[in-house]
Amino acid sequence: MPGPRQPCIATLLLVAALCTPLSANAGEGHDHGDAPPAAQDNGPKRQPDGSVFLPKPAQRQLGVRTLVVAEGQHPKGFELAGTVVMDPNAGGKVQAALAGRLEAGPKGLPGVGQTVRKGEVLAYVVPTAGAIERSNQVAQQAELRAARALAELRVARLKDLQDTVPRKDIEAAESELHSLTQRLGAVGAGLSTRDALVAPVSGVIASAHAVAGQVVDARELVFEVVDPTRLRVEALAYDTAQAHSVAGATLALGGQRVPLRLMGAARSLRDQALPITFSGNAAVLGTLALGQPVRVFVQSEDKVEGVQVPLASLLRNRANQTIVWVKESPERFVPRTVTFVPLDGTSVAVTSGLKAGDRVATQGATLINQVR
């Protein structure tokens, strides 16, 4: 039988249960705001003031590089449209002097890129004539043969009578025989000879327009030979003042900057422009094709005050303004609106918006500009 203390213990347990707070679980979507706070985002993001927060790990992942800029005087530059041309002393054109049919040379018809030597026979042109013209030549050849046969008989007869015939008559007959022989040879050569097309210089075949059996006209271009180690760049200046203030020039090939040497400027306009010729590194120019358009950046003798930065640092904002990204703190980049003057195709001189000592993003600036 239970003792007298059992009702008391049961009463105490009931009171303790009533005093303990009960946890209430709300339904989905009806929480009371007592959930734990979400984890804080430390990734790249655009700040309300337009700057970009970029943590160090993200900078290393995006390959961001910066450069401390300095002010100075730089030669003012301008861009010209240029074309790769051949050196007139190291290139030439092979044209047909006569109208005729093409025949292969001793080594066959050369193809594009094939190396040839100066004086090498590339092809032959067999002259073609109309039926009437050819029949006239054949008739003239027959007449000359008959006349030469009579001249040979007359010379032989005079030599038999040389004791009674004056020496001058024999010499006249011999001279006539010699003349008829030469004329007959010339007519025969016109009917059977070929015109040889030879390479004017040593180099490679830049272009070929020859097929065996092809009929070409006089002065038609058949081959073009060029020495790839002696190419030049020709630029067109539409302002004559620019042509007379050239202090240096560079050729922009992707991210590469190739120095050029001024050879001279023309004194007569061509299509309202003044041609300027440059030469450069033969190894680099040799990789270009004849007639290829290029961009030539010319440095003038005038100077401009500014901060030099790479061209890759210049970007556009939403307002289509030119900006650069400046690193103001280890993980904060700020856009700066700038104005600039081109220098050499790979760098520019910023005339406003930057000051000496600013750290400008030179690599990865495009990725910084895309952070939202």
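**Entry 1: strand 4 and its partners**

I count two strands as paired if DSSP finds at least two bridges between them. The model I am reading is predicted. I looked up strand 4, residues 71-86, and found that strand 17, residues 293-310, pairs with strand 4 in the antiparallel sense over 12 bridges. To place this pairing in the sequence, I noted one bridge: Gly-82 has Val-294 of strand 17 as its partner.

Which other strand did I find joined to strand 4? Strand 13, residues 231-237, runs antiparallel to strand 4, and 6 bridges join the two. Here I noted Met-86, whose bridge partner in strand 13 is Leu-231. I reminded myself that strands of a sheet pair through backbone hydrogen bonds, either parallel or antiparallel.

**Entry 2: two open sheets**

I then followed an open sheet of 4 strands, whose order is 9-8-6-11 with antiparallel pairing. Its edge strands are strand 9 (195-198) and strand 11, each of which pairs on one side only. Within this sheet I looked at strand 8, residues 121-127, which pairs with strand 9 in the antiparallel sense over 4 bridges. In that pairing, Leu-197 of strand 9 stands opposite Ala-123.

I also traced an open sheet of 4 strands in the order 5-12-10-7, again with antiparallel pairing. Strand 5 (91-95) and strand 7 (115-116) are the edge strands here, each pairing on one side only. Strand 10, residues 203-208, is joined to strand 12 by 4 bridges in the antiparallel sense. I recorded that Val-204 faces Val-226 of strand 12.

**Entry 3: two residues with positive phi**

Most residues other than glycine have a negative phi. I therefore noted Arg-219, which is not a glycine yet has a positive phi of about 70°, and checked its exposure, 72% relative accessibility. Arg-219 sits in the loop between strand 11 (215-216) and strand 12 (221-226). Because exposed means over 50%, Arg-219 at 72% counts as exposed.

Where did I find Asn-320? Asn-320 lies in the loop between strand 18 (315-316) and strand 19 (322-329). Asn-320 has a positive phi of about 65°, although it is not a glycine. With a relative accessible area of 53%, Asn-320 is exposed.

**Entry 4: Asp-239**

I turned to Asp-239, in the loop between strand 13 and helix 5 (240-243). Is Asp-239 buried, partly exposed or exposed? Asp-239 has 37% relative accessibility, so it counts as partly exposed. The side chain of Asp-239 reaches the backbone nitrogen of Ala-241 at 3.1 Å. I also compared Asp-239 with Gln-272: they are 33 residues apart in sequence, and their C-alpha atoms are 9.3 Å apart in space.

**Entry 5: confidence**

Last, I checked how confident the predictor is. The chain averages a pLDDT of 82, and 86% of the residues score at least 70. Over residues 1-5 the pLDDT is below 50, and this stretch has 0 contacts in the model beyond near neighbours in sequence. Residues 10-40 also have a pLDDT below 50, and that stretch has 2 contacts beyond near neighbours in sequence. Where pLDDT is low, the predicted coordinates should not be read in detail.

Technical notes
Residues are numbered from 1 along each chain as its sequence is written. This is a predicted model: local features need pLDDT of at least 70, side-chain atom pairs count only at pLDDT 80 or more; totals for chains, interfaces and linings use all residues. Side-chain values use heavy atoms; hydrogens and water are left out. Buried means under 20% relative accessible area, exposed over 50%, partly exposed in between (1.4 Å probe, protein chains only). A polar contact is a pair of N or O atoms within 3.5 Å; within protein, one must be able to donate a hydrogen and the other to accept it, and residues adjacent in sequence count only if both atoms are side-chain atoms. pLDDT is the predictor's confidence in each residue, from 0 to 100. Contact means heavy atoms within 4.5 Å.
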